[in-house]
Amino acid sequence: MIQFVANHDDLSTDKGFQFKFYCDKCRNGHMSRFVPNKVGIAGELLRAAGSLFGGHFSDAGNAAYHVQRAIGGKAHDDALETAVQEGKNHFKQCTRCGHWVCPDVCWNHSAGLCEDCAPDEQEELTAQQRQAAREQIHTKTREQDYTKDLDFLGRASLVQCPKCSAKLAPGQKFCPECGTTNAAATKAKFCGDCGAAVKAEQRFCAECGAKQ
């Protein structure tokens, strides 16, 4: 049994053997050295060629079988075992969880365990501070009312200038950007005492109480 990282890619071909191993935590990778297929390529591939070009088309199945033998088998297993031994020099195994991890990112050297089992104190503190800050920003932004001046029922909704499309507040007679007249505001009624906007059906001003 060959025991190593749970994640790996077999890059072997009929030319030789090569494997890529990944850290169980962050998936940083290590690629083994390429090992030529000295055993299979000389014999099995020649027999594969003989099955294809020296016989009938019905022998194509035999050719595929010989190619598979050239790639797989004992030579492949030996190359894999060698690659694993090489790869173990680039990863560390956590004795607590059993994971193989890269030493540069996922290994706590002072604790002798992976950072899942023994997080780095300073990294963990910084991460928790940033998480707390994110949550506090989330809370504070929702405490602020950003829509208090908007009338969602359409009684005094914001309008746009017909010329430059700038936003106009209710009651603005002229556009502050280009000076264009706000037709809706010029038709509005205002209190003669305090100048507050007054609806047509209002009998008294809502700001000063003056009769309209």
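## Report on a predicted protein chain

Strands β3 and β4 run antiparallel and are joined by 3 bridges. The model in which they appear is a predicted one. Its protein chain holds 5 helices and 13 strands. Of the chain's 212 residues, 25% count as buried. Among contacts with a separation of 6 or more, 28% come from residues 24 or more positions apart.

**The sheet**

Strands β3 and β4 belong to an open sheet of 3 strands, ordered β1-β3-β4, with antiparallel pairing. The edges are taken by β1 (8-10) and β4 (29-31); each has a single partner strand, so one side of each has no neighbour in the sheet. On average, neighbouring strands of this sheet are turned by 15 degrees against each other, direction ignored.

On one side of the pairing, β1 meets β3 (residues 19-22) in the antiparallel sense over 3 bridges. Within this pair, D9 stands opposite K20 in β3, and D10 stands opposite F19 in β3. K20 also has a bridge partner in β4, namely M31.

Helix α3 (residues 74-87) packs on the sheet and touches β1, β3 and β4, its direction making about 40 degrees with that of β3.

**Helices α3 and α4**

In α3, the buried residues are H76, A79, L80, A83, V84, E86 and G87. These residues cover an arc of only 160 degrees around the axis, and therefore lie on the same side of α3. In general, an α-helix has 3.6 residues a turn, so residues three or four places apart point the same way.

The length of α3 can be checked against its residue count: at 1.5 Å a residue, its 14 residues should span 20 Å, and the end C-alpha atoms are 20 Å apart, which agrees. A like check applies to helix α4 (residues 121-143), where 23 residues at 1.5 Å each should span 33 Å and the end C-alpha atoms are 33 Å apart, again in agreement. At the start of α4, a side-chain oxygen of D120 comes to within 3.2 Å of the backbone nitrogen of Q122.

**Residue Q18**

Q18 is placed in the loop between β2 (16-17) and β3. Is Q18 buried or exposed? Q18 counts as buried because its relative accessibility is 19%, and buried means under 20%. A polar atom of the Q18 side chain lies 2.9 Å from the backbone oxygen of S32. Leaving aside residues up to four places away in sequence, Q18 touches D9, D10, L11, S12, M31, S32, R33 and F34.

**Residues with positive phi**

Most residues other than glycine have a negative phi. R27 departs from this, with a positive phi near 70 degrees in a residue other than glycine. R27 sits in the hairpin of β3 and β4, which has 6 residues between the strands. S165, also not a glycine, likewise has a positive phi near 70 degrees. The table sets out both residues.

| Residue | Phi | Loop | Relative accessibility |
|---|---|---|---|
| R27 | near 70 degrees | between β3 and β4 | 46%, partly exposed |
| S165 | near 70 degrees | between β10 (159-160) and β11 (167-168) | 44%, partly exposed |

Conventions:
Residues are numbered from 1 along each chain as its sequence is written. This is a predicted model: local features need pLDDT of at least 70, side-chain atom pairs count only at pLDDT 80 or more; totals for chains, interfaces and linings use all residues. Side-chain values use heavy atoms; hydrogens and water are left out. Two strands pair if DSSP finds at least two bridges between them. Helices (H or I, at least four residues) and strands (E, at least two) are DSSP runs, numbered from the N terminus. Axes are lines fitted to C-alpha atoms, for helices over the stretch in contact, and angles run from 0 to 180 degrees between N-to-C directions. Contact means heavy atoms within 4.5 Å. The expected span of a helix is 1.5 Å times one less than its number of residues. A polar contact is a pair of N or O atoms within 3.5 Å; within protein, one must be able to donate a hydrogen and the other to accept it, and residues adjacent in sequence count only if both atoms are side-chain atoms. Buried means under 20% relative accessible area, exposed over 50%, partly exposed in between (1.4 Å probe, protein chains only). The arc is that of the directions from the helix axis to the C-beta atoms.
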